Amino acid sequence: MKKIPSISNEINEDIIFKIISKNFSKIAPYWFELLSSWLIRSYTVFQDIDKYIILVYLINKDLIFYRKNGLIVDYDTFYNDKSIEIPKINITDISTDLKIPKESVRRKLQELEEAKVIRKNGKKIFVDRSAYITAKPEQTLKELTTLLSKFSEILKDEKINNRVFTADEIIVSLKNNFSFCWYQFYKLLFIFTNRWRIVIADLETLAIGSVVLLNTVGNKTFKAKDLNMNHWTKLAQGADDVGVNTMSLSDITGIPRPTVVRKVKRLIETDFLHINEKKLITLNIKGSRLKKQIKMQNQNMKSLSNMLHRIFNQIKVINSD
């Protein structure tokens, strides 16, 4: 019989933030891979990340309902032969919550309706079952599991936890507690994307920039270093000695090359990226832009700490001996 877990076993959110900050070079590859892959897959669905994130926002209404009523629904049940009815669709709320202009929200909802992804009846909106399948996060679950598994290893190394949870334990716990865990994940996702919208306006630009960032993260020389968050962020600038061209960025993201060229130019003009004489693009945030990004990085890691605090403590409870 399992013991009733003690509140003293809960891992404090502030401690999680300090551990992430200290061990940032160890967790960064998994964190950035999770985000970059999610953005690219989101674009692939409709060739429009905003349209996809609006769909996710609508599906999240289900998760909010379960959360408010203290219900936990597992992964298979959540995606089993269902549609969702939202009593009242409020374009202003969507616009405010996702930082997307109202007219863009209105147009994208109309396009989703024309594609039969959603159906409107008066002020009610119905999200079709096919949309649930479209948004089923099979790969994201695996990537989040990998992130949590690495985090578990770091906690053990830091003597915060006395055991490492296996990937199998984690993914089973995520699926069994899916509505709880995915509510936390979507909350982080909306916060993260909203912060970036303020800086670079659209998420396709973020998707392109994230691939350039991953190129830096994957650099073998840089990857081997044991760095805290601020040191990592400063040393990452210009650390990629190879770079990536616009054709490769287009192939990886699925975004048309002319669009990639235009958005890369904007990222260069705003001091995020650098392009050399061979037309190879690297991460090179500098000057006042770097100071702002260090501040945002701290905010994002505090948001990540909040998600890890809630999900990981839930996993600890479920798998307590």
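Begin by selecting Lys120, which sits in strand S2 of what is a predicted model. With a relative accessible area of 36%, Lys120 counts as partly exposed, because that value falls between the 20% limit for buried and the 50% limit for exposed residues. If neighbours within four places in sequence are set aside, the residues in contact with Lys120 are Glu113 and Ile125. Add Phe165 to the selection as well: it is 45 residues away from Lys120 along the chain, and the two C-alpha atoms are separated by 44 Å.

Stay in this region and move to Lys116, which is placed in the loop between helix H6 (102–114) and strand S2 (118–121). Is Lys116 buried or exposed? Its relative accessibility is 66%, and so Lys116 counts as exposed. The backbone deserves a look here too, since phi of Lys116 is near 65°, a positive value in a residue other than glycine. Most residues other than glycine have a negative phi.

A second residue of this kind is Lys159, for which phi is near 60°, again positive in a residue that is not glycine. To find Lys159, follow the chain to the loop that runs between helix H8 (138–157) and helix H9 (167–176); with a relative accessible area of 74%, Lys159 is exposed.

Now turn to the interior and select Leu58, Leu109 and Val127, the residues that touch the most other members of the largest nonpolar core, which has 105 residues. The largest share of this core comes from helix H10 (residues 178–200), which contributes 13 residues. Nonpolar side chains tend to be buried together in soluble globular proteins. Which residues surround Leu109, once its neighbours within four places in sequence are left aside? Leu109 is then in contact with Ile54, Leu58, Ile89, Ile91, Ile94, Ile118 and Ile125. Of these, Ile125 has already appeared on the tour as a contact of Lys120.

Next, select Asn300, which belongs to helix H16 (residues 287–318). Asn300 has a relative accessible area of 4%, under the 20% limit, and is therefore buried. Apart from neighbours within four places in sequence, Asn300 is in contact with Phe192, Arg195 and Trp196.

From there, go to Lys302 and look for Asp14, whose C-alpha atom is separated from that of Lys302 by 8.3 Å although the two residues are 288 apart along the chain. Asp14 is part of helix H1 (residues 13–22) and, with a relative accessible area of 54%, it is exposed.

Finally, clear the selection and view the whole chain, whose secondary structure comes to 16 helices and five strands. The radius of gyration is 20 Å, close to the 20 Å that the globule rule gives for 321 residues, and so the chain is as compact as a globular protein of that length. Along the principal axes, the C-alpha trace spans about 55 × 55 × 30 Å. How much of the chain is buried? Of the 321 residues, 53% count as buried, while the accessible surface comes to about 15900 Å², with 50% of it belonging to carbon and sulfur atoms. Among contacts between residues at least 6 apart in sequence, 76% join residues that are at least 24 apart. If you colour the chain by charge, there are 52 positive and 35 negative charges to find, and their mean positions are 4 Å apart.

How values were computed
Residues are numbered from 1 along each chain as its sequence is written. This is a predicted model: local features need pLDDT of at least 70, side-chain atom pairs count only at pLDDT 80 or more; totals for chains, interfaces and linings use all residues. Side-chain values use heavy atoms; hydrogens and water are left out. Helices (H or I, at least four residues) and strands (E, at least two) are DSSP runs, numbered from the N terminus. The radius of gyration is taken over C-alpha atoms; the globule rule is 2.2 Å times the number of residues to the power 0.38. Buried means under 20% relative accessible area, exposed over 50%, partly exposed in between (1.4 Å probe, protein chains only). Contact means heavy atoms within 4.5 Å. Accessible areas come from the Shrake-Rupley method with a 1.4 Å probe; for residues, only the protein chains shown count as cover. Lys and Arg count as positive and Asp and Glu as negative; His and the chain ends are not counted. The place of a charge is taken as NZ of Lys, CZ of Arg, CG of Asp or CD of Glu. A nonpolar core is a set of buried Ala, Val, Leu, Ile, Met, Phe, Trp, Tyr and Cys residues joined through side-chain atoms within 4.5 Å.
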